[in-house]
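Got your viewer open and a selection box ready? Load the model below and let's walk through it.

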Amino acid sequence: MLSKTIDAQFETRLTELKDWLAIPSISALPEHHADVRKAGVWAQKYLESMGFTHVEMTGTAGLPIVYAEHCPYPDKPTVLFYGHVDVQPADPLELWKTPPFEATIRDGKLFARGANDDKGQCMVWLGALQALKTVHGHFPVNVKVILESEEEIGGHAVDDYVKAHAEKLKCDAVIVCDTSMYNENTPSICTSLRGIVYTEISVQGGKTDMHSGHYGGVAPNPLHALTLLISRLKNEDGHINIPELYQAIPPVTEDEKAFWEADPVNFTQSLHEEMATPQLYGENEHSPYARTGLRPTLEVHGIIGGFVGEGSKTVIPAKASVKLSLRLPPGMAPQPALEALTKAVHNHMPQGYKVDIKTHGMGAGMATEWDNPYMLKARKAMATVYGKEPAPMRMGGSVPVCAVFDSVLKSPVLLVGFGLPDDDLHAPNEKYSLNQLKKGMHTMALLLEDLGR
Ligand code: BES
Ligand code: MN
């Protein structure tokens with residue numbers, strides 16, 4: 001009955017999702033902040049129409065946080081759903097086969113910015129709740145919902161909100177659909193996320209740009225100094241010269257050791273194929289599972305400085321900067337990581353430059369126990385729908401508020417996402433498999449029914 005209802009309502013859910021996806025809620029671009037707000041209002045109205053008794057939207061000065069609850073049962077567990085209504089910028093637009101904010105179905109996949117991350121994944125639990133309500137007349141458990149809109153820019157408004165409203169958000173488990181599975185035939189549940197420290201390191205040499213003939217040979221060159229710094233911070237073999245980052249790597253559990261060794265997903269090969277590269281880069285003495293899920297990374301996102309116009313200009317730049325981030329082992333706090341990075345930058349920076357480090361965003365990683373009773377129920381629901389026991393999967397991305405749920409609410413955070421590795425998150429032609437969306441709804445509905453028993 002429940003299963004039939006999910007399928008019968010699927011087209012309606014898809015139409016609603018397309019409607020939500022049409023709002024370009026790009027948090028990184030101030031000119032789209034009105035749209036971010038619109039996406040929040042859309043969610044608020046949607047939750048109201050679903051019968052949530054208490055729906056509110058806050059954060060009027062910044063970007064919205066939507067909160068809703070329906071908690072009529074003193075003797076049933078309470079589940080808190082989290083998601084984000086903001087999306088990444090859609091550029092480069094010319095690489096999209098269909099416009100990013102006109103959701104389009106091709107080959108059983110829904111293409112749009114946010115189709116997966118995270119509006120499509122939110123529709124997983126929204127769809128499950130809708131079907132449960134149709135079948136039973138109500139939700140089977142107490143439900144709370146928190147939707148934020150600064151996830152994609154590392155904003156901490158939601159962290160402050162959770163800390164300030166810990167009592168209101170009290171729950172038995174947090175459920176988040178914002179992660180992926182190994183592939184469509186390998187159900188998996190995310191057991192940890194990495195933390196992140198995103199910085200911009202600016203370097204000043206002379207007081208102004210200089211003639212490279214007149215001063216070349218005696219002038220400092222901040223662009224060259226930056227590249228020296230970068231190469232000293234991480235070796236060609238992928239080792240980061242910040243020892244502190246390696247001190248808090250959590251041990252590998254028995255379950256995951258077994259999965260890594262059996263390697264049924266042929267992980268190295270899949271990574272090759274996804275990236276279309278001839279080899280894997282980085283610490284080859286460690287398994288790709290550990291390198292993408294557990295170990296720290298240091299990546300350069302962009303270098304700004306010097307002459308990049310057409311033709312040539314013989315100039316030694318006065319300034320240069322680099323956007324550089326660290327991913328942190330789950331469990332490592334971002335503040336000490338930033339301090340360790342700062343120390344390393346000062347140690348490795350060539351002499352005689354003025355260096356400034358600015359942070360653009362920080363967040364801790366977190367981990368969830370594979371044998372937690374709520375995790376066991378999630379595993380059971382997924383096994384029923386996919387016909388196979390799910391595998392534990394460490395994921396290298398970050399959803400910073402999850403660490404706050406873990407430490408402040410002290411409830412297990414279930415990262416039960418239905419993305420696939422080739423969904424092209426943050427890239428052109430982001431997509432979400434309709435099959436995964438539907439199976440996600442089935443899994444979530446079974447899980448909620450089970451929790452309500
Ligand atoms: N949904 C992703 C996180 C993710 C991606 C988890 C892939 C697991 C697999 C999330 O929306 C995201 O992209 N987060 C940002 C956070 C950052 C901007 C602070 C990230 O990880 O870059
Ligand atoms: Mn994202």
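Here come three stops, starting at a ligand and then moving on to two single residues. Keep in mind that this is a predicted model.

**Stop one: the ligand.** Select ligand 1 and show what surrounds it. You should get 16 residues, the closest being Glu151, Asp178, Arg327, Ser398 and His426. Now look for oxygen atoms of the ligand facing polar side chains. One sits 2.8 Å from an N or O atom in the side chain of glutamate 151. For the side chain of arginine 327, the distance from a ligand oxygen is 2.8 Å. Add histidine 84 to the selection too: an N or O atom of its side chain lies 3.1 Å from an oxygen of ligand 1. How much of the ligand does the protein bury? On its own ligand 1 exposes 520 Å², and the protein buries 87% of that.

**Stop two: aspartate 35.** Jump to helix α2, residues 33–49, and pick out aspartate 35. This residue is buried but has no salt bridge. Its nearest oppositely charged side chain, lysine 38, is 4.2 Å away, while the salt-bridge cut-off is 4 Å. What does the aspartate 35 side chain pair with in a polar contact of 2.8 Å? Click histidine 32: its side chain is the partner. Further off in sequence, beyond four places, aspartate 35 touches Ile23, Pro24 and Ser25.

**Stop three: threonine 443.** Finish in helix α12, residues 434–452, where you'll find threonine 443. Is it buried or exposed? Threonine 443 counts as buried because its relative accessibility is 1%. Leaving out residues up to four places away in sequence, show its contacts: Ala381, Met382, Val385, Tyr386 and Phe418.

How values were computed
Residues are numbered from 1 along each chain as its sequence is written. Chains are lettered from A and ligands numbered from 1 in the order in which they are written. This is a predicted model: local features need pLDDT of at least 70, side-chain atom pairs count only at pLDDT 80 or more; totals for chains, interfaces and linings use all residues. Side-chain values use heavy atoms; hydrogens and water are left out. Helices (H or I, at least four residues) and strands (E, at least two) are DSSP runs, numbered from the N terminus. Buried means under 20% relative accessible area, exposed over 50%, partly exposed in between (1.4 Å probe, protein chains only). Lys and Arg count as positive and Asp and Glu as negative; His and the chain ends are not counted. A polar contact is a pair of N or O atoms within 3.5 Å; within protein, one must be able to donate a hydrogen and the other to accept it, and residues adjacent in sequence count only if both atoms are side-chain atoms. Contact means heavy atoms within 4.5 Å. A residue is near a molecule or strand if one of its heavy atoms lies within 4 Å of it. Accessible areas come from the Shrake-Rupley method with a 1.4 Å probe; for residues, only the protein chains shown count as cover.
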